[in-house]
Amino acid sequence: MTGFINRMWTTIYPPEPAKTEDAIRFGILGAANIAPIALINPAKSHPEVIIAAVAARDITKAEAFAKANSIPIVHKSYQELIDDPSINAVYIPLPNGLHYQWTIKALEAGKHVLLEKPSTSNTTQAESLFHHPLLKPTPENNNKPPILLEAFHSVFHPALQTFFKLVDKDTVEYVKASGGVPKYQFPKDDIRFRHELAGGATMDFGTYYIMLLRNIFGTEPEECISTDMTLMPQGFDQNCESGVKAKFRFPNGGIGEIDADLMSGVKWGGGWFSWIPSIGVPSVEVRHKEEITKHPDETLESACVWTVTMSNFLAPSIWHKITVQGEWTTRRVSDKVVLKKWTGKERRWKGTANIKKVYTWPVEEGGEAKKGEEWWTTYRYELEEFVNMVKGRKGNGVWMSGEDSIGQMKAIDSVYLKAGLPLRPGEAQK
């Protein structure tokens with residue numbers, strides 16, 4: 001409990017070291033609610049990051065946002081902020097449908113971009129963006145093109161990376177990733193549920209779970225094999241879903257399933273209590289294929305199925321749990337009749353204890369300690385790597401590449417195609 005309290009206190013009130021002379025000066029496009037959590041607060045503890053400016057469609061809102069977050073400069077428009085020569089990097093937490101347009105504009109101005117997920121509205125835009133000439137080394141940019149990162153913050157935390165390492169990608173048989181946001185958290189006319197702004201649960205909460213599947217299997221899905229969409233109610237955008245269930249088949253024959261709900265209600269009671277808000281902790285379970293080993297009695301065989309789970313992968317700095325569990329079976333070789341079956345956590349998998357909590361990078365034998373603190377959130381770890389990449393430093397090796405972001409959008413589009421819903425609209429530069 002003491003550790004939890006210390007982490008929470010320091011997360012909210014982090015140390016604020018003096019800023020370096022070459023600190024990256026960020027501008028924020030939009031007075032978004034996510035910005036203080038995702039960038040402003042993490043930047044306080046980073047000596048090489050200054051939140052210098054903000055712009056919003058409503059200048060009054062921008063001024064209030066700047067005052068509340070101690071941001072010195074308020075620009076009258078997004079373009080004015082991008083054109084500000086004192087700004088080195090731009091954070092874009094705008095509605096999904098505006099991501100492509102304003103990222104291109106920022107890159108054209110030579111700015112580094114931290115781009116909220118999903119990166120674009122569809123695969124066509126993603127391919128155009130991440131293969132854009134602006135991101136290639138040229139004499140004009142001194143062979144140092146701007147850095148562009150899709151902000152899948154949870155990937156950067158050592159807890160999730162430890163979880164990935166506990167998975168044997170080649171023998172994964174089934175994955176279930178699920179979570180829910182309590183009903184009434186978002187109004188039914190929220191930008192998350194507007195098709196013209198590239199909304200929908202798959203584009204929002206669902207992106208995290210698709211990202212998990214792709215990382216766990218270590219490859220792209222071959223096909224989205226089924227979907228179950230909860231469409232918005234009559235009177236609201238029927239091309240948007242408040243919840244999504246989808247299954248994917250991967251090249252090793254494994255199946256990955258997601259269940260993401262932005263209006264989660266109580267599930268039990270035959271629907272009578274569905275009006276009551278409920279929270280589905282973001283969790284993932286990985287089941288491996290059965291392993292068969294020799295038994296001292298040649299007429300028998302031993303088999304084990306390993307399951308690795310993680311609870312709260314989205315906010316592991318608050319709390320999380322990684323569990324490794326084996327289900328053992330002893331059976332006859334001749335007819336496969338089970339003689340004994342039991343479940344336990346007493347053994348070890350890949351040399352690690354069965355229940356783990358990881359807040360900082362484990363120090364590998366013979367390796368250098370990676371930077372991090374127990375109170376660092378996923379966003380703070382992400383910011384550390386973004387700065388490392390901008391500064392040309394090695395970092396800890398975790399990154400979301402452009403090809404990764406393209407693969408992410410392809411998987412998202414496959415869900416909408418399977419569901420018979422239109423892709424999220426948005427054209428790309430030719």
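Analyst: Helices here are DSSP runs of H or I with at least four residues, strands are E runs of at least two, and both are numbered from the N terminus. With that rule, the protein chain of this predicted model has ten helices and 16 strands. Local features need pLDDT of at least 70 and side-chain atom pairs 80 or more, whereas totals for chains, interfaces and linings use all residues. Residues are numbered from 1 along each chain as its sequence is written, and side-chain values use heavy atoms, without hydrogens or water.

User: Thanks! Where does proline 118 lie among those elements?

Analyst: Look at the loop between β5 (112-116) and α6 (123-130), and you will find proline 118 there. The bond leading into that residue deserves a look too: from lysine 117 to proline 118 the peptide is cis, and its omega is near -10°.

User: How much of the protein chain counts as buried?

Analyst: Buried means under 20% relative accessible area, exposed over 50%, and partly exposed in between (1.4 Å probe, protein chains only). By that rule, 52% of the 430 residues in the protein chain are buried. As for extent, the C-alpha trace spans about 80 × 60 × 45 Å along its principal axes.

User: Let's try a helix. Which residues of α1 are buried?

Analyst: Helix α1 covers residues 2-12, and its buried residues are Arg7, Met8 and Thr11. To see how they are arranged, take the arc of directions from the helix axis to the C-beta atoms. The three cover only 95° around the axis, which puts them on the same side of α1. The face turned away from that buried side carries the exposed residues Thr2 and Trp9.

User: And what do the buried residues of α1 pack against?

Analyst: They pack against α2 (35-44), where contact means heavy atoms within 4.5 Å. Across the protein chain, consider the contacts with a separation of 6 or more: residues 24 or more positions apart account for 68% of them.

User: How many residues of α8 are buried?

Analyst: In α8 (residues 205-217), 13 of the 13 residues are buried, so this helix is largely enclosed by the rest of the structure. After α8 comes glycine 218, with a positive phi near 70°.

User: Which residues have a positive phi although they are not glycines?

Analyst: Asparagine 142 is one of them, at about 55°, and alanine 198 is another, at about 60°. Asparagine 142 sits in the loop between α6 and β6 (148-151), while alanine 198 belongs to the loop between β7 (172-182) and α8. Their surroundings make a nice pair to compare. Asparagine 142 counts as exposed because its relative accessibility is 63%; alanine 198 counts as buried because its value is 0%.

User: Now for valine 415: buried or exposed?

Analyst: Valine 415 is in helix α10 (residues 402-419), and at 0% relative accessibility it counts as buried. Leaving out residues up to four places away in sequence, valine 415 touches Thr202, Ile210, Cys224, Thr227, Met229, Val244, Ala246 and Phe248. Proline 137 makes a useful second reference point: 278 residues in sequence and 34 Å in space, C-alpha to C-alpha, separate it from valine 415.

User: One last residue. Where does lysine 267 lie?

Analyst: Find the loop between β10 (255-264) and β11 (280-288), which holds lysine 267. Its relative accessible area is 60%, so lysine 267 is exposed. From its C-alpha to that of asparagine 396, 129 residues apart along the chain, the separation is 41 Å.
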